[in-house]
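This briefing looks at the nonpolar core and then at a sheet with its neighbouring helix. Please keep the sequence and the structure in view while reading.

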Amino acid sequence: MRIDEVCLLTNDVKRLAGFYKRFLETENGSEDETHQFILAEETSLTVYNDGTLKNNQNQNICLAFTVEDMEKAYEKVLALGAKIIEPPTKRPWGAINMSFYDPDNNIISFRCFPNNG
């Protein structure tokens with residue numbers, strides 16, 4: 001069994017989907033205001049407005065990504081204007097982690113496992 005899809009509920013599908021399309025460097029050919037389906041490698045991300053008001057304080061979810069080059073990923077996030085929670089920080093076990101908010105205040109975490117030679 002594997003997770004095939006993550007769905008983010010939002011009040012502003014175009015804004016949030018636009019962020020993730022730039023973030024994931026992909027395009028879905030849609031500017032739909034209610035529902036957008038974004039493919040990224042083997043997992044899909046759906047951004048959806050189900051018609052209920054959201055508070056955009058989604059503190060119960062964190063999307064985590066493993067990246068090859070933390071510095072490049074960090075610069076990309078800064079260029080997108082995301083609010084940084086924690087800049088790249090080396091952990092005692094050797095991993096480098098960072099976290100930031102997407103436009104709806106969902107937490108995104110990056111982790112990198114640099115080659116220790």
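Contact here means heavy atoms within 4.5 Å. This is a predicted model, in which local features need pLDDT of at least 70 and side-chain atom pairs count only at pLDDT 80 or more, while totals for chains, interfaces and linings use all residues. Residues are numbered from 1 along each chain as its sequence is written, and side-chain values use heavy atoms, with hydrogens and water left out.

**Nonpolar core**
- The largest nonpolar core (buried Ala, Val, Leu, Ile, Met, Phe, Trp, Tyr and Cys residues joined through side-chain atoms within 4.5 Å, where buried means under 20% relative accessible area with a 1.4 Å probe, protein chains only) has 22 residues, and those with the most contacts inside this core are Tyr-20, Phe-23, Phe-100 and Phe-110.
- Two or more residues each come from α1 (13–23), β3 (43–48), α2 (70–79), β6 (96–101) and β7 (107–112), and α1 gives the most, with six residues; helices (H or I, at least four residues) and strands (E, at least two) are DSSP runs numbered from the N terminus.
- Not counting residues up to four places away in sequence, Phe-100 touches, among others, Phe-19, Phe-23, Val-77, Ile-84, Ile-108 and Phe-110.

**Sheet and helix**
- Three strands form an open sheet of mixed pairing in the order β1-β3-β2, where two strands pair if DSSP finds at least two bridges between them.
- Because β1 (5–9) and β2 (35–40) stand at the edges with a single partner strand each, one side of each is left without a neighbour in the sheet.
- The strands β1 and β3 run parallel and are joined by five bridges, and Glu-5 stands opposite Ser-44 in β3.
- α1 lies across β1, β2 and β3 and runs at about 10 degrees to β2, with axes fitted to C-alpha atoms, for helices over the stretch in contact, and angles from 0 to 180 degrees between N-to-C directions.

Methods
Buried means under 20% relative accessible area, exposed over 50%, partly exposed in between (1.4 Å probe, protein chains only).
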